[in-house]
Amino acid sequence: MAGDPDLPRTQGFALACERGGADVLEIGIPFSDPIADGPEIQRAGQRALRSGTRPRDVLGLAASLRQRSEIPIVLMSYANPIYAMGLETFSERARDAGVDGVIVPDLSWEASDEIRGPFDACGVDVIQMVAPSTPPERAAAIAGSSRGFLYVVARFGTTGAQPDLPDDLPARISDLHRATDLPLAVGFGVTTAAHVRALAAAGADGIVVGSAIVQKIGEDPKPEVVERFVAELTLSLSS
């Protein structure tokens, strides 16, 4: 979450994730009504807003990270901050900052048509999401309009650290691989190294860990803590 607890330390946490073995950075733009997020990210967003973090600051953070690293950067933003800045302006600033993709979790597939044009024109991937309840035909259509990868929401409800993964997730991953050639990145509730290993074994191409990292930062905001935790997750793929 950009700005939790402040922007300079967010950059340190992001680079720590890369040192720990992360392949992609997902950076959240704080928003007052994060309907897809659970308590960990909600609290982080509130801390970031209280510190004065605004969307333009997050784009500045992305630009600063791009000067330090070539790691792909994906912004997670609700629709309101994007529309408030203006679709074309946000898209252009994201491109200029070196952003590779954007996730907008509160826009339906149909409503996302409007934003895809400006982002496509700027070479920024609009990454679509499929929910556990998405029917196969609709999932295939959503995948057809996604760029970069398809975000597979692992469970019903909001984000948040969880003890277990849903039992039906391997079958869903297999079905989605038959529906699209895009890489599948699975998130929502992925918390432990055991989860990472299980998802890799089930055929996930990417594994998204958000709340667990945000929770670590809230408990002990040191880059070395984040780096160790991410390393535990990534090293589990080779063990």
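**Exercise 1. Find which residue of strand 6 stands opposite Met129, then follow the chain between the two strands.**

*Solution.* Let's start with a single pair: Met129 stands opposite Tyr151 in strand 6. Keep in mind that this is a predicted model.

Next, widen the view to the strands themselves. Strand 5 (residues 129-130) and strand 6 run parallel and are joined by two bridges. Two bridges are enough here, because strands pair if DSSP finds at least two bridges between them.

Now trace the connection. Leaving strand 5, the chain passes through helix 7 (residues 136-145) before it reaches strand 6, and this β-α-β crossover is right-handed.

**Exercise 2. Work out which way the side chains of strand 6 point, and whether they are buried or exposed.**

*Solution.* Go along strand 6 (residues 150-153) and sort its residues by direction: Leu150 and Val152 point one way, while Tyr151 and Val153 point the other way. As for burial, all of these residues are buried.

**Exercise 3. Place strand 6 in its sheet and identify the edge strands.**

*Solution.* You already have strand 5 as one partner of strand 6. Strand 7 (residues 184-187) is another partner: four bridges join it to strand 6, and the two run parallel. One of the contacts to look for is Val152, whose bridge partner in strand 7 is Val186.

Putting the strands in order gives 5-6-7-8, an open sheet of four strands with parallel pairing. Strand 5 and strand 8 (206-207) each have a single partner strand, so they stand at the edges with one side left without a neighbour in the sheet.

**Exercise 4. Classify the aromatic pair of Phe90 and Phe119, and say where its members lie.**

*Solution.* The structure holds three aromatic pairs. For Phe90 and Phe119, the centre-to-centre distance is 6.0 Å and the angle between the planes is 75°. Planes over 60 degrees apart count as edge-to-face, and that is the class of this pair.

Then locate the rings: Phe90 belongs to helix 5 (residues 87-97) and Phe119 to helix 6 (residues 113-121), so the pair links distant parts of the chain, 29 residues apart.

Finally, check burial. Phe90 is buried at a relative accessible area of 0%, and Phe119 counts as buried at 0% as well.

**Exercise 5. Return to Tyr151 and describe its pairing with Phe188.**

*Solution.* The ring centres of Tyr151 and Phe188 are 6.0 Å apart with the planes at 85°, so this pair is edge-to-face. Because Tyr151 sits in strand 6 and Phe188 in the loop between strand 7 and helix 9 (193-201), the pair ties together parts 37 residues apart in sequence. Both residues, Tyr151 and Phe188, are buried.

Methods: Residues are numbered from 1 along each chain as its sequence is written. This is a predicted model: local features need pLDDT of at least 70, side-chain atom pairs count only at pLDDT 80 or more; totals for chains, interfaces and linings use all residues. Side-chain values use heavy atoms; hydrogens and water are left out. Buried means under 20% relative accessible area, exposed over 50%, partly exposed in between (1.4 Å probe, protein chains only). A crossover is right-handed if, with the strands pointing away from the viewer, the path from the first strand over the helix to the second runs clockwise. Rings of Phe, Tyr and Trp (its six-membered ring) pair if their centres lie within 6.5 Å; planes under 30 degrees apart count as stacked, over 60 as edge-to-face and the rest as tilted.
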